[in-house]
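Here is a walk through one protein model, from the whole chain down to single residues. Keep the structure in view as you read.

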Amino acid sequence: MTALTNLLDFDPAQLVAYCGELGEKPFRAKQLQRWIHQFGASNFDEMTDLAKSLREKLAGRAHISAPAVISDHTSTDGTRKWLVDVGNGNAVETVFIPEENRGTLCISTQAGCAVNCRFCSTGKQGFNRNLSVGEIIGQLWMAEFELRRTKGIEPGPKGERQITNVVMMGMGEPLLNFEPTVTALKLMLDDNAYGLSRRRVTLSTSGVVPMIDKLSKECPVAMAVSLHASNDQLRDGLVPLNKKYPLHELMDACRRYLEFAPRDFITFEYCMLDGVNDTDQHARELVALVKTVPCKFNLIPFNPFPESGLKRSPNVRIKLFAQILMDAGIVTTVRKTRGDDIDAACGQLAGEVQDRTRVQERMQQMSEYQKKFGPNFGKITEIK
């Protein structure tokens, strides 16, 4: 038997090509795309303006299938988190954050994450695989129409859109799964699908410099960079990718990206870690670091988890840190913690992933070595 083609895997141009293979004209692809992404249809019989012959062709060759929902939890603040099945024992998390004038969906792009930032619980479970286009856009497809069903809002362009903003900030590093992520972005932006503005779609990266440049050419959207440190020595320990792409290369990439970006600034995300990266000196170093990069800072109170060995900076320290940045003329916000009662807050997404990178095993070995040889074993230290 021939495997059915998942139409959620196609961006607009690919769907036109697929319909061409079926002997259909390009306008059929637009009709099909509207049924899938604007009406949430998964049954070809519902697509009443398609010729019956086309519907029969599609029924024998294709399907529309998003990842199945394993669990669905809603926080006391209205944040909603879905655990979705991506096969082979792997599950990822998708989070909806409602606000008064917008609804933001946080989407995952990988099962696990190989970057292994010290303060992020996702990285502590290791990495299994990249998600497909259908698994990425399927999170938006599932969430939009599930939210509509919950509120009794009709599908289609006449119904009130529930998701107005998308952030690629869930599990995984989007730029290490480049092609599927960009294909999904093109669908989010297309007027015959979700019709989102480039300014309302944000991709967050830990700093994969070559892929930042590639994204600027192929599908520039709003950019957020997980910075979290004011100098290379500190960032090497918090974001291991920094050893490959140090801060001066990252800042250069940010400046280049702004030539193509829909917004005239980069958002720098900065997780506030008590006694680690939150001193006045760190704030002053940040001011010097970003002086040639138009930007804003989003300070994120750390959401603790046991394996990190880290603590959240006190609120008063966060305010003092923010004041130094603002006094230097940098727009600075402090992210409101949302959904932490259902582990849906920033840095808490963990899902269930089969760890082929054996990160838990390696962490256990390192812990044993540090007990034997001292707490600084394996850490970069400066010898003066």
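The paragraphs below start with the overall build and end with a few chosen residues.

This is a predicted model. The protein chain holds 11 helices and 14 strands. It has 384 residues, and 53% of them count as buried. Many contacts link distant parts of the sequence. Take the contacts between residues at least 6 apart in sequence: 66% of these join residues at least 24 apart.

Now find the sheet. It is open and made of 10 strands, in the order S3-S4-S5-S6-S9-S10-S11-S12-S13-S14. The pairing is mixed. Strand S3 (68-74) and strand S14 (331-334) are the edge strands, each pairing on one side only. From one strand to the next, the twist averages 20°.

Start at the S3 edge. S3 and S4 run antiparallel and are joined by 6 bridges. One pair to look for is Val69 and its bridge partner in S4, Val84. The two strands form a hairpin with 5 residues between them. There, Gly78 takes a positive phi near 95°.

Strand S4 covers residues 80-85. Is it enclosed or open to the outside? It is largely enclosed by the rest of the structure, because 5 of its 6 residues are buried. Its next partner is strand S5 (residues 91-98), again antiparallel and over 6 bridges. Lys81 stands opposite Val95 in S5. S4 and S5 also form a hairpin, with 5 residues between them. In that turn, Gly87 has a positive phi of about 85°.

Move along the sheet to S9. S9 pairs with strand S10 (residues 201-205) in the parallel sense, over 3 bridges. Val166 has Val201 in S10 as its bridge partner.

Toward the other edge, look for helix H10. H10 lies across strand S12 (266-272), S13 and S14. Its direction is about 175° to that of S13.

Next come some annotated residues. An unreviewed UniProt entry carries the annotation "binding site" for Gly172, Glu173, Ser204, Ser226, Leu227, His228 and Asn303. Two of these sit in loops. Gly172 is in the loop between strand S9 (165-168) and helix H5 (178-189). Asn303 is in the loop between strand S13 (295-301) and helix H10 (315-327). Are they buried or exposed? Gly172 has 17% relative accessibility, so it counts as buried. Asn303 counts as buried too, because its relative accessibility is 4%.

Arg256 offers another case. It lies in helix H8 (residues 247-257). Its relative accessible area is 34%, so Arg256 is partly exposed. What does it touch? Leaving aside residues up to four places away in sequence, Arg256 touches Val209 and Asp213. With Asp213 the link is a polar contact between the two side chains, at 3.0 Å. Val293 is 37 residues from Arg256 along the chain, and their C-alpha atoms are separated by 9.7 Å.

Last, the cysteines. A disulfide is a covalent bond between the sulfur atoms of two cysteines. How many disulfides does a search of the whole structure find? The search finds 0. Cys117 counts as buried, because its relative accessibility is 11%. Cys271 has 6% relative accessibility, so it also counts as buried.

Notes:
Residues are numbered from 1 along each chain as its sequence is written. This is a predicted model: local features need pLDDT of at least 70, side-chain atom pairs count only at pLDDT 80 or more; totals for chains, interfaces and linings use all residues. Side-chain values use heavy atoms; hydrogens and water are left out. Helices (H or I, at least four residues) and strands (E, at least two) are DSSP runs, numbered from the N terminus. Buried means under 20% relative accessible area, exposed over 50%, partly exposed in between (1.4 Å probe, protein chains only). Contact means heavy atoms within 4.5 Å. A polar contact is a pair of N or O atoms within 3.5 Å; within protein, one must be able to donate a hydrogen and the other to accept it, and residues adjacent in sequence count only if both atoms are side-chain atoms. UniProt positions are given in the numbering used here, feature names are shortened, and annotations may be inferred rather than shown by experiment. A disulfide is a pair of cysteine sulfur atoms within 2.5 Å. Two strands pair if DSSP finds at least two bridges between them. Axes are lines fitted to C-alpha atoms, for helices over the stretch in contact, and angles run from 0 to 180 degrees between N-to-C directions.
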